Amino acid sequence: MSKKTFYITTPIYYPSGNAHIGHAYSTVAADVIARFKRLVGFDVVFLTGMDEHGQKIELTAKDKKVTPQELVDNISSKFEKLWKILNISNDQFIRTTSNFHKKAVKKIFTLLKSKQKIYKGFYKGWYCTPCEAFWTETQLDENYKCPDCKRDVKLTKDEAYFFKLSEYSDKILQLYEKNKNFIKPASRLNEMINFVENGLEDLCISRTSFSWGIKVPNDEKHVIYVWLDALTNYITALGYMSDNNRKFESYWPADLHIVGKEIVRFHAVIWPAILMALDLPLPKKIFGHGWWLTKDSSKMSKSKGDVIDPAYLCKKYSVDAVRYFLLRQVPFGTDGTFSFEAFFKRLNSDLANDLGNLVFRLISMIERYFQGKLPEQKEAEEKDKILIHSLVSAHKKVAYNIERLSFSLALKEIFKLVTACNKYIDDTAPWKLLENKNKNIRLATILYNLCESLRIISLLLYPFMPDTSCKIRKQLTIDKTINWEDAKRFGLFKASIPITKQEVIFPRIYLEKEKL
Ligand code: MSP
């Protein structure tokens, strides 16, 4: 029987500056889901990439005295490197300047036009260049600024192509009604219902004021609106409108689009309308996560400075510390403020003290009491049974929370096990058993139970912290194969293989020594 497929995407990134932790957020989250889905047996396609057209890029390139292509080549390669540093397991990396994408977008435009979903008219409205978004007068804020980024907008009047978005209000409301999971979390669904209930206007999908973009077929002075170009990446990446659409047939519709909250509107309103116009199936879920804010509570944004570079954090404090912090610190749907103090606190308490110390204590005891080779012992006492029960039942809670994108709760469940293991050591006080030779069996059993606990913890941690998971497994000489089913069973740890202490997995951070 062929495997069930799972198609997950992140937004594609604007290459107009350096990446910051806000960008890393969508991608790390998507990586956790992709890794988890692969573990539980799905055939996964995980797509990320770059959104490389638009006026903003043309202007930035001019400013930097390079061509737009040089600019996007340079920044795209930095993003690709960043995803490697962050251990992102994407299967595809799309760039909207790729020929295959440009060709497909032109065909999509032509198809929509032939279906009379696109027409030519005049556009008069307010344009926000940094957001690449058009606003009607009523949508502007009280100071006539962009309602999203609060920056200046420009009044523009142009001949332009329009997409008949206004035809889709009812269909989109029906979609929300029928599929309550289409937009998550629920608060974002309510925002979208309000937005659509106010009525949708036709969407201007071409510009003539700049040239860096995909040209409208047979009317080349028009450039296709960057959001139409960008959104369609989710299908062109799978070969839609190409000579080989096998992947598209197998993986579309997407199971999950992960996006930041400010672009839910594009994904939950415009995108389904385009797909409906193309007679294509709709994605199953759009999750709008919260923002990472700077200390003054504004959105961390590459164009505003004061950004935290994820590559720097990874290099200095380890990739898994960053992955852990991003997903543990705040619930995925809400905003969070990044501070080094909070980052170090998490690192020291959860990773260095609780998890790191557990691994270190256990391996030290195995070395000291059994010269690194643990005799296999499995008789369980009451105390052991409680620990064993919490271990073998954890996978359900972890899986449930990952599926709901409640990453913080999933990690909390895993770290409850770490705490339980540390408590088990304190309660059973293995060092006291050593005095009595007969008690060596009990001593070995306790240490065996702890090895087994760490085996299960390493499995559950794998989607979040793949490096750490592998380090723990290596230190305990556990087989490299990660199999989710093995988290459901206790007693798989092979004792008798020698164990030796290696590096400390999470060294403590001393705030006073850090140069920030
Ligand atoms: N190019 C569009 C997406 C097109 S998808 C068809 C775009 N790019 S972006 O580079 O500006 O943002 C990419 C992602 O990073 C978005 O999901 C956005 O919400 C996220 N973040 C950017 N800054 C952020 C924070 N400060 N905090 C959390 N995520 C934010 O939008």
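Start with a small sheet: select strands 9, 10 and 11 of this predicted model. The three strands make an open sheet in the order 9-11-10, and the pairing is antiparallel. Which strands sit at the edges? Those are strand 9 (206–207) and strand 10 (215–216), each of which pairs on one side only.

Now zoom in on strand 10 and strand 11, which covers residues 219–224. These two run in the antiparallel sense and are paired over two bridges. For a concrete landmark, click on Lys215 and look across to strand 11: the residue standing opposite is Val223.

**Next stop: the ligand**

Select the ligand and show what is around it. How many residues surround the ligand? There are 26, and the closest are Ile12, Asp51, Gly260, Trp292 and Met300. Colour that shell by class and you'll get 13 nonpolar, nine polar and four charged residues.

Want to see which parts of the fold feed into the shell? Highlight strand 1 (5–13), helix 1 (21–39), helix 7 (226–231), helix 8 (233–236) and strand 12 (256–260); each of them supplies at least two shell residues.

Now hunt for some polar atoms. Pick Asp51 and show its side chain: an N or O atom there is 2.6 Å from a nitrogen atom of the ligand. Move on to Trp292, where the backbone does the work: one of its polar backbone atoms is 2.8 Å from a ligand nitrogen atom. Then click on Tyr14, which has a backbone N or O atom 3.1 Å from an oxygen atom of the ligand. So how much of the ligand does the protein bury? Taken alone, the ligand exposes 650 Å², and the protein buries 96% of that.

**Two cis peptide bonds**

Head to Lys184 and Pro185. The peptide bond joining them is cis, with omega at about -10°. Pro185 is in the loop between strand 7 (183–184) and helix 6 (186–197).

There's another cis bond to look at: go to Trp252 and Pro253, where omega is near 10°. To find Pro253, look in the loop between helix 9 (246–251) and strand 12.

**Two residues with positive phi**

Select Gln116, in the loop between helix 4 (99–114) and strand 4 (118–128). Its phi is near 60°, a positive value in a residue other than glycine. Is Gln116 buried or exposed? Its relative accessibility is 57%, so Gln116 counts as exposed, since the cut-off for that is over 50%.

Now jump to Ala429, which sits in the loop between helix 15 (407–428) and helix 16 (430–433). Phi is positive here too, near 40°, and again the residue is not a glycine. Turn on the surface, though, and the picture changes: Ala429 has a relative accessible area of 7%, so it is buried, because that is under 20%.

**Last stop: Asn401**

Finish in helix 14, residues 382–403, and click on Asn401. Is this residue buried or exposed? At 6% relative accessibility, Asn401 counts as buried, because buried means under 20%.

What does Asn401 touch, leaving out residues up to four places away in sequence? Select Ser406, Phe407, Leu409, Ala410 and Glu413, and you have its contacts on screen.

Terms used: Residues numbered from 1 in each chain as written. Predicted model: local features only at pLDDT ≥ 70, side-chain atom pairs only at ≥ 80, totals over all residues. Heavy atoms only, no water. Near = heavy atom within 4 Å. Polar contact = N/O pair within 3.5 Å; in protein donor to acceptor, adjacent residues only side chain to side chain. Areas by Shrake-Rupley, 256 points an atom, 1.4 Å probe, with all protein chains shown as cover. Helix = DSSP H or I, 4+ residues; strand = E, 2+ residues; numbered from the N terminus. Nonpolar A, V, L, I, M, F, W, Y, C, P; charged D, E, K, R; others polar. Buried < 20%, exposed > 50% of the residue type's maximum accessible area, 1.4 Å probe, protein only. Pairing = 2+ DSSP bridges. Contact = heavy atoms within 4.5 Å.
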